[in-house]
Amino acid sequence: MTRGQINRLKDKAFAYFGVFCTLIGLVILAFFIGNIFYDGITRIDWDFLTNLPSRKAEKAGILTAWAGSIWIVIFTFLIVVPLGVAAGIYLEEYGEKSKLSELLEVNISNLAGVPSVIYGLLGLEIFGRLFGMGNSILAGSATLALLVLPIVIVATREALKAVPPSIRAASYGLGATKWQTVWHQVLPASFGGILTGVILAISRAVGETAPLIVIGALAYVPFTPSSPMDEFTVLPIQIFNWISRPQHEFSINAAAAIIVLLLITFVMNGIAVYFRNKWQKKINW
Amino acid sequence: MENKLEAKNVNVFYGEFQALNNINMKFKENAVTALIGPSGCGKSTFLRLFNRMNDYVDSFRMEGEILVDGNGIYTKDVLVDELRKGIGMVFQKPNPFPKSIFENVAYGLKIQGIKNKAVLKNKVRKALQQAALWDEVKNDLDKSALELSGGQQQRVCIARALAVEPSIILMDEPTSALDPIATAKVEELIHELKKDYTIIIVTHNMQQASRISDYTAFFYMGDLIEHNKTDIIFTNPEHERTQNYITGRFG
């Protein structure tokens with residue numbers, strides 16, 4: 001074989017290898033989703049969505065679980081957005097380069113890799129016990145907000161970085177202060193990117209189980225929460241609880257609940273993609 | 001004519017690198033001064049001293065004094081945002097905000113707290129007329145400025161600078177990204193503006209400097225080599241280096 005033939009062969013070989021690697025992930029995922037849909041899709045009906053949990057599998061519903069999830073999502077959103085966006089703005093636009101800021105940056109990236117159980121313990125100690133929030137929605141939301149805070153900070157910084165420096169120069173040149181420049185020019189131009197990061201962070205929070213179990217979220221809650229200080233459960237915990245029971249009927253319930261959870265995350269990611277495309281089209285440097 | 005701007009014993013450093021060496025220079029009011037010289041000679045750095053745009057460069061350090069209307073602008077009590085309201089700047093590449101034409105021109109006024117719609121409309125129109133753009137865009141004020149041509153974008157940027165009614169305009173190679181026709185329009189505009197404004201323009205284009213400026217300053221390697229009336233610089237320069245540069249023998 002000539003050198004050229006060998007090169008082309010290698011090229012082709014890698015292409016096939018790449019297809020194979022891509023397919024492995026997709027096939028396993030498809031199999032998993034197919035399996036769940038096969039088990040659970042017939043279980044989903046109006047009663048399943050609106051019934052309270054029950055010891056009898058056929059009467060049990062996920063009302064308290066998805067209501068709890070929504071409460072948690074709303075409060076996590078309310079806590080993480082101002083904190084994360086403000087921190088991102090500070091680090092990117094205000095903070096001066098120094099040893100301290102470098103240390104801070106490395107640590108923010110590291111925080112994203114800390115196991116979520118650890119955040120649960122932190123939340124239990126600080127929000128649950130020290131601040132006396134107990135095992136309330138507020139304690140859970142604050143813990144999850146802490147967990148996804150690095151995602152929001154990093155996404156905010158990336159979005160701000162993507163705004164061309166010439167826009168800032170133009171604004172400063174007209175006598176704008178730093179805050180006016182950020183508020184009127186940089187933030188609107190990076191809104192799409194920040195929003196995408198926030199929604200991805202929230203979808204991550206929707207699926208989190210471990211930290212909420214540590215906080216003391218309950219598996220059995222016979223009421224829907226009516227205030228942020230109420231006890232709660234969420235979909236992943238309900239799923240976890242049903243899966244760990246021996247009766248087959250409960251694992252069907254779990255499959256059905258997984259479908260609902262998947263749909264929620266799917267819709268949220270869809271919204272993120274939609275906004276990203278919409279804002280990117282509007283702003284074309 | 002008064003001296004509007006003055007540089008006294010100015011040295012500029014970026015970290016260890018010295019970008020400007022002991023510059024002394026005066027700028028006449030309501031005149032156009034062109035700063036010329038090869039790339040990296042320090043002319044843009046010098047221009048940016050007058051509205052303190054170098055402040056954003058981390059390693060920037062300056063010695064000496066810059067005076068605007070006789071007042072030092074690098075003293076501690078100077079409010080940089082106030083200073084910049086009197087000194088407009090036009091950049092190398094047109095950099096309109098990703099907003100409507102109207103919002104672009106009105107921005108400088110809005111951040112000063114002007115909210116009255118009639119006042120804003122009036123000032124935006126006046127600025128666009130001064131920038132010789134009004135007739136082309138008067139029916140499209142709500143259109144995004146990014147949809148305009150490069151030359152029109154640059155005139156939006158000029159209008160944006162004029163709207164806050166500065167007395168000085170700094171231009172950093174304002175036509176380098178424009179085609180010849182757009183360049184001609186901007187040059188014509190500069191000619192009109194010098195009646196009311198003191199203009200400093202950095203340019204790489206020798207013909208442009210000779211066409212539009214009253215005074216020309218030649219920079220080389222951080223030194224101010226020669227500063228004189230433009231016709232003298234281009235016909236009878238004192239220094240051989242200036243002669244070599246303007247005749248295109250180097251640079």
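Buried here means under 20% relative accessible area. Keep that cut-off in mind for this tour of a predicted model, beginning with helix 10 of chain A.

**Stop 1: helix 10 of chain A**

Select residues 235-243 of chain A, which form helix 10. This helix is mostly covered, with seven of its nine residues buried. To colour them, pick A:L235, A:P236, A:I237, A:Q238, A:I239, A:N241 and A:W242.

**Stop 2: A:S69**

Next, select A:S69, in helix 3 of chain A, which spans residues 63-94. Is A:S69 buried or exposed? Its relative accessible area is 6%, so A:S69 is buried. Beyond its neighbours within four places in sequence, A:S69 is in contact with A:T233, A:V234, A:L235 and A:P236. Two of those names should be familiar, since A:L235 and A:P236 are also among the buried residues of helix 10 of chain A.

**Stop 3: A:S141**

Move on to A:S141, which sits in helix 6 of chain A, residues 137-161. Its relative accessibility is 0%, and A:S141 therefore counts as buried. Which residues does A:S141 touch, leaving aside its neighbours within four places in sequence? Show A:W71, A:I72, A:F75, A:T76 and A:I79 to see these contacts. For a distance label, choose the C-alpha atoms of A:S141 and A:F75: they are 5.6 Å apart, while the two residues are 66 positions apart along the chain.

**Stop 4: chain A as a whole**

Zoom out until all of chain A is in view. How many helices and strands does its secondary structure have? There are 11 helices and zero strands. The C-alpha trace spans about 70 × 70 × 35 Å along its principal axes. Of the 285 residues in chain A, 42% count as buried. Among contacts in chain A with a separation of 6 or more, 74% are between residues 24 or more positions apart. With a surface switched on, you are looking at about 15400 Å² exposed by chain A, and carbon and sulfur atoms supply 70% of that area. If you colour by charge, chain A has 21 positive and 16 negative charges, and their mean positions are 9 Å apart.

**Stop 5: the six-stranded sheet of chain B**

Now switch to chain B and look for an open sheet of six strands in the order 6-7-8-3-9-10, with mixed pairing. Strand 6 (87-90) and strand 10 (223-229) of chain B each have a single partner strand, so one side of each lacks a neighbour in the sheet. On average, neighbouring strands of this sheet are turned by 15° against each other, direction ignored.

Two helices pack on this sheet. Select residues 150-163 of chain B for helix 6, which touches strand 6 and strand 7 (168-172) of chain B. The direction of helix 6 of chain B makes about 170° with that of strand 6 of chain B. Then select residues 180-193 of chain B for helix 7, which touches strand 3 (32-36), strand 7 and strand 8 (198-202) of chain B. The direction of helix 7 of chain B makes about 150° with that of strand 8 of chain B.

Stay with strand 6 of chain B for a moment. In a regular strand, side chains alternate between the two faces of the sheet. Here B:I87 and B:M89 lie on one side and B:G88 and B:V90 on the other, and all are buried. Strand 6 pairs with strand 7 of chain B in the parallel sense over four bridges, and B:V90 stands opposite B:M171 in strand 7 of chain B.

At the other edge, strand 9 (residues 215-220) and strand 10 of chain B pair in the antiparallel sense over six bridges. Pick B:F218 there, and you will find B:E226 of strand 10 of chain B opposite.

**Stop 6: the four-stranded sheet of chain B**

Chain B also has an open sheet of four strands, in the order 2-1-4-5, with antiparallel pairing. Its edge strands are strand 2 (17-28) and strand 5 (71-72) of chain B, each pairing on one side only. Select strand 1 (residues 3-14) and strand 4 (residues 60-68) of chain B, which are joined by eight bridges. B:V12 has B:M62 as its bridge partner in strand 4 of chain B.

**Stop 7: two loops of chain B**

Finish with a look at backbone angles. B:D69, in the loop between strand 4 and strand 5 of chain B, has a positive phi of about 50° although it is not a glycine. B:D69 is partly exposed, with a relative accessible area of 46%. The last selection is B:A132, in the loop between helix 4 (117-130) and helix 5 (134-137) of chain B. Phi of B:A132 is also positive, near 55°, and at 44% relative accessibility B:A132 counts as partly exposed.

Definitions and conventions
Residues numbered from 1 in each chain as written. Chains lettered and ligands numbered in written order. Predicted model: local features only at pLDDT ≥ 70, side-chain atom pairs only at ≥ 80, totals over all residues. Heavy atoms only, no water. Pairing = 2+ DSSP bridges. Axes fitted to C-alpha atoms, helices over the stretch in contact; angles between N-to-C directions. Contact = heavy atoms within 4.5 Å. Buried < 20%, exposed > 50% of the residue type's maximum accessible area, 1.4 Å probe, protein only. Areas by Shrake-Rupley, 256 points an atom, 1.4 Å probe, with all protein chains shown as cover. Lys, Arg positive; Asp, Glu negative; His and termini not counted. Charge placed at Lys NZ, Arg CZ, Asp CG, Glu CD.
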